[in-house]
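The exercises below are meant to be worked through with the sequence and the coordinates open side by side. Each task is followed by a solution that proceeds step by step.

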Amino acid sequence: MSTRTASGAKTLPGKYYTSAEIFQLESQNIFKKQWLYAGRISQLKKTGSYFLFNIDHESIIILRDQNDEVKAMHNVCRHRGTRLCSEAEGELSKTIQCPYHAWTYDLQGNLLAAPNMSEVTGFDNADYPLHRVAMSVWEGSVFINLAENPEPFEKAFKPLIGKFEQWHMSELAVAHRLVYEMDANWKLIFQNYSECYHCPNLHPQLNRLTPFRNSANDLEEGPFLGGPMKFAQNFQSMTMSGRRCAAPLGGISGEDLRLVYYYTIFPNMLLSLHPDYVLIHQIQRQSPTHTRIVCDWLFHPDAMAKPDFDAGDAIKFWNTTNKQDWQVSELSQQGIASQVYAPGPYSELESMIADWDRHYLKALSIHSNSH
Ligand code: FES
Ligand SMILES: [Fe+2]
């Protein structure tokens, strides 16, 4: 069980939730440096399937090429910079064509054709491929990194690699997706997710299944934080009924049948592992006071193929819980903006937030010191 305590830590000063300057600093020192969760490989069903990952002024095309490999490249034409793809997801033919002057790229980003450019002395298609983006796939999830020299993914994700093997996550597919808009700073989502102090009051449906003190932490420092919560009585999963919606995933057995695991994956992913399904929240920061949250319910395709498959019990449960959480986060945002707001003391039940804040501040300042 957890050994850490909040040890006198307090909430962050208000500027971290409201200031445009801090937002900008986060862009430079966090979101342009760290590996970011972009989506699921199962969203790319065939050659030419793509989805966009947008952050700040950047738009990244993530696609499946002719060799069945996943590639990530900037959505910026090498001619005059035009956005190539504007739909959030879709199917490309064998090429990507710019809507402006029809420069045409293959699915690896090589420039194939540039009408009339042969009249330009020295022009060579080979000099104008789309800009590549560093990409890695872990457990069926696609991560990208916008840094010039990214930390190798395997190094950055070392504490997590191999940790969740028994869920066979790479086999899972998205059974349902909900997108939420929330008028609050993105960090309030991470902080809300990192404690169950609020559960008895805010989430009676959740606290019934996993009473708030049934929690433990197995990652307590750094970019990945979290651990398991134990089901009360004979409950089997986080659903309205408390029963599983599907058979336990791949290798789940023994004690793991009695647990749900929650992790924050800095800086834009929440991972919730249930015996029968996995929930992923992608946190998309839009402004200091607005956040979009994409929530995916992942199930095994074998379970989804069954005629009586119904994820409704799990969807309703987390949709209810999400809305409760976003609502209090919006109320927090409003109060934090007040002139009387000052950092308040964390309870011992909020020790993980203190850990999260510490890591956030470290990440935020790391690069600004050197410039
Ligand atoms: S801007 Fe893309 S072809 Fe001209
Ligand atoms: Fe909550």
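**Exercise 1. Unusual backbone geometry**

Task: In this predicted model, locate Pro-267 relative to the strands, and then find which peptide bond there is cis.

Solution: Pro-267 is found in the loop that runs between strand 13 (259-265) and strand 14 (269-273). The next step is to inspect omega, which is about 5° for the bond joining Phe-266 and Pro-267, a cis peptide bond. Most peptide bonds are trans, and most residues other than glycine have a negative phi.

Task: Determine where Asp-56 and Asn-116 lie and whether each is buried, partly exposed or exposed.

Solution: Begin with Asp-56, which lies in the loop between strand 2 (49-55) and strand 3 (58-64) and which has a positive phi of about 50° although it is not a glycine. Counting neighbours gives 15 other C-beta atoms within 10 Å, so Asp-56 is partly exposed, since that class falls between the limits of 12 or fewer for exposed and 20 or more for buried. Asn-116, likewise not a glycine, has a positive phi of about 65°, and its place is in the loop between strand 8 (111-113) and strand 9 (134-138). Because Asn-116 has 9 C-beta neighbours inside 10 Å, it counts as exposed.

**Exercise 2. Domains and their contact**

Task: State how the protein is divided, and describe the side of domain 1 that touches domain 2.

Solution: The division is into domain 1 (1-32 + 166-371) and domain 2 (36-156), whose C-alpha centres lie 30 Å apart. The contact between them takes 13 residues from domain 1 and 11 residues from domain 2. On the domain 1 side, helix 2 (20-31) and strand 11 (173-182) each supply at least two residues, and the residues of this side divide into 7 nonpolar, 4 polar and 2 charged.

**Exercise 3. The nonpolar core**

Task: Identify the residues with the most contacts inside the largest nonpolar core, and establish which domains contribute to this core.

Solution: The largest nonpolar core has 82 residues, and those with the most contacts inside it are Ala-38, Ile-60, Ile-62, Ile-144, Tyr-277 and Val-278. This core draws at least three residues from each of domain 1 and domain 2. To follow one of these residues outward, leave aside residues up to four places away in sequence: Tyr-277 then touches Cys-245, Ala-246, Trp-297, Leu-298, Phe-299 and Ala-314.

**Exercise 4. Helix 8**

Task: Compare the span of helix 8 with its expected value, and find what covers its buried residues.

Solution: Helix 8 (residues 312-336) has 25 residues and reaches 35 Å from its first C-alpha to its last, close to the 36 Å expected at 1.5 Å a residue. Its buried residues include Ala-314, Ile-315, Phe-317, Trp-318, Asp-325, Trp-326 and Ser-329. An α-helix has 3.6 residues a turn, so residues three or four places apart point the same way. The cover over the buried residues of helix 8 includes helix 1 (15-18), strand 11, helix 4 (186-193), helix 6 (204-209), strand 15 (278-287) and strand 16 (290-299).

**Exercise 5. The whole fold**

Task: Decide how the radius of gyration of the protein agrees with that of a compact globule.

Solution: A compact globule with 371 residues would have a radius of gyration near 21 Å, and the protein has 22 Å, which agrees. The C-alpha atoms fill a box of roughly 75 × 55 × 35 Å along the principal axes, and buried residues make up 37% of the 371 residues.

Notes:
Residues numbered from 1 in each chain as written. Chains lettered and ligands numbered in written order. Predicted model: local features only at pLDDT ≥ 70, side-chain atom pairs only at ≥ 80, totals over all residues. Core = buried A, V, L, I, M, F, W, Y, C linked by C-beta atoms within 7 Å. Domains from an automatic or database assignment. Contact = placed C-beta atoms within 7 Å. Helix = DSSP H or I, 4+ residues; strand = E, 2+ residues; numbered from the N terminus. Nonpolar A, V, L, I, M, F, W, Y, C, P; charged D, E, K, R; others polar. Rg over C-alpha atoms; globule rule 2.2 N^0.38 Å. Expected span 1.5 Å × (residues − 1).
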